[in-house]
Amino acid sequence: MDDKTVGSGSDFLGRYPVPHRVYAQLRRPPNVLVTGGTGMLGTALVPRLIQAGIGVREISRTPPRRVSDAWSAVDLASGQGLQQAVDGIQTVIHLASNESRIGVRSFEEIAMERLINACERAGVRHLIYVSIVGVDQIPLSYYQAKKNAEQLLQRSEQPYTILRSTQFHGFIDAMLGQLFRFPVGLVPTRLVAQPISPAVVADQLLYLVQMGPLLSTFNMGGPEVLRVDKLVKEWQLYQPRRKFYLPIPILGSVMRAFANGWNTCPAYAIESQSWADYLQKQYSK
Ligand SMILES: NC(=O)c1ccc[n+]([C@@H]2O[C@H](COP(=O)([O-])OP(=O)(O)OC[C@H]3O[C@@H](n4cnc5c(N)ncnc54)[C@H](OP(=O)(O)O)[C@@H]3O)[C@@H](O)[C@H]2O)c1
């Protein structure tokens with residue numbers, strides 16, 4: 001299938017956010033399967049789908065913490081139980097992800113291949129894949145795996161949409177926690193990021209469910225592109241003790257890619273929760 005990569009899609013993203021009442025006016029919603037519904041994005045997405053009146057099934061290896069009668073255990077690496085989960089479904093939103101390799105192949109590729117086969121057998125109308133901004137440019141093995149998974153989908157007969165997002169607030173928060181786990185942090189201050197709330201990505205996925213397959217790849221990012229030293233400065237305000245760090249230079253092609261901002265898409269920034277607002281909300285709980 002031809003993918004008219006819109007790396008973008010300004011018309012399409014320009015319609016964000018879609019008020020929930022719009023969904024209420026639409027005809028009976030499709031049945032949706034969410035893979036990886038227990039993850040950071042899935043936790044924001046599944047309740048939104050349910051609230052919009054959509055019948056949801058979800059799969060992962062371990063059950064959700066919230067009560068869910070729609071969950072079943074499926075390991076996408078083995079594919080056991082996958083076909084039963086996909087049968088009768090109209091839209092699959094594929095969020096399940098990990099960085100592992102199984103033999104010479106990545107989990108991302110194996111999972112995508114299994115899903116495409118299961119979807120084609122079940123006659124699924126739309127397979128939505130969440131990817132990451134910059135997977136086609138940044139030489140990180142996880143990104144390469146996601147790029148390969150995108151290509152498997154683009155070259156298949158399965159109708160699809162690919163939504164590439166920038167990094168979620170909670171992910172960057174956790175990364176900074178890792179950098180500062182030692183008494184003095186070693187921080188690549190010149191890298192940049194465009195943090196986004198997973199709730200905003202979840203809203204866009206809800207919209208895509210209603211749109212149907214677009215056979216395209218779209219980028220979306222948070223409201224601001226920030227250097228890591230700025231992210232750290234704001235983050236430090238909420239840490240129990242002030243922590244010190246040594247700036248480290250840009251070393252190697254991966255860091256250079258993140259310093260060049262290839263992980264960002266300022267032209268497709270969504271006006272939404274800022275990094276400062278996220279921190280304020282997260283740490284005042
Ligand atoms: N985090 C970010 O900043 C970010 C940014 C842009 C795009 N994305 C993309 O968005 C998607 C969701 O990310 P996320 O941060 O929400 O992920 P996450 O928090 O790491 O959650 C991953 C989900 O995948 C499930 N999973 C992992 N291995 C599985 C397997 N073998 N079989 C079935 N389920 C499996 C996990 O549940 P179990 O472990 O219980 O199976 C979990 O529900 C991913 O494709 C990611 O690449 C993430």
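**View 1. Leu 215, a partly exposed residue with 13 C-beta neighbours inside 10 Å.** In this predicted model, Leu 215 lies in the loop that connects α8 (198-211) with β11 (217-220). Its backbone has a positive phi of about 50°, although Leu 215 is not a glycine. The count of 13 neighbours falls between the limits for exposed residues, 12 or fewer, and buried residues, 20 or more, and Leu 215 is therefore classed as partly exposed.

**View 2. The protein chain as a whole, as background to the close-ups that follow, with eleven helices and 13 strands.** Of the 285 residues in the protein chain, 39% are buried. Among the contacts in the protein chain with a separation of 6 or more, 82% are between residues 24 or more positions apart.

**View 3. The shell of 24 residues that surrounds the ligand.** The closest of these residues are Gly 36, Gly 39, Ser 60, Arg 61 and Phe 171. Two elements, α3 (40-51) and β7 (126-132), each give two or more residues to the shell, and α3 provides the largest share, three residues. By residue class, the shell consists of eleven nonpolar, eleven polar and two charged residues.

**View 4. Strand β1 (residues 32-35), covered on both faces.** Val 32 and Val 34 on one side of the strand, and Leu 33 and Thr 35 on the other, are all buried. Strand β1 pairs in the parallel sense with strand β2 (residues 56-60) over four bridges, and within this pairing Leu 33 stands opposite Arg 57 of β2. Strand β1 also runs parallel to strand β4 (residues 91-94), to which four bridges join it; here the bridge partner of Val 32 is Thr 91. Together with α3 and β2, strand β1 makes a right-handed β-α-β unit.

**View 5. Val 92, a buried residue in strand β4.** Val 92 has 28 C-beta neighbours inside 10 Å and therefore counts as buried. When residues up to four places away in sequence are not counted, Val 92 touches Leu 33, Thr 35, Val 86, Leu 115, Cys 119, Val 124, Leu 127 and Ile 128. Leu 33 and Thr 35, both among these contacts, are the buried residues on one side of β1. Val 92 and Asn 31 are 61 residues apart in sequence, while their C-alpha atoms are 8.6 Å apart in space.

**View 6. Ser 131 in strand β7.** Ser 131 is buried, because 23 other C-beta atoms lie within 10 Å. Leaving aside its neighbours within four places in sequence, Ser 131 is in contact with Lys 146, Glu 150, Ile 162 and Arg 164. Arg 164, one of these contacts, is 33 residues from Ser 131 in sequence, with a C-alpha to C-alpha distance of 4.3 Å.

**View 7. Helix α9 (residues 228-236) and its buried residues, Val 228, Leu 231, Val 232 and Trp 235.** These residues lie on the same side of α9, because they cover an arc of only 95° around the axis. An α-helix has 3.6 residues a turn, so residues three or four places apart point the same way. The elements that cover the buried residues of α9 include the helices α7 (169-179) and α11 (275-283), together with the strands β9 (184-187), β10 (192-193), β12 (226-227) and β13 (244-247).

Definitions and conventions: Residues are numbered from 1 along each chain as its sequence is written. This is a predicted model: local features need pLDDT of at least 70, side-chain atom pairs count only at pLDDT 80 or more; totals for chains, interfaces and linings use all residues. A residue is near a molecule or strand if its C-beta atom, placed from the backbone, lies within 6 Å of it. Ala, Val, Leu, Ile, Met, Phe, Trp, Tyr, Cys and Pro count as nonpolar, Asp, Glu, Lys and Arg as charged, and the others, Gly among them, as polar. Two residues are in contact if their C-beta atoms, placed from the backbone, lie within 7 Å. The arc is that of the directions from the helix axis to the C-beta atoms. Two strands pair if DSSP finds at least two bridges between them. A crossover is right-handed if, with the strands pointing away from the viewer, the path from the first strand over the helix to the second runs clockwise.
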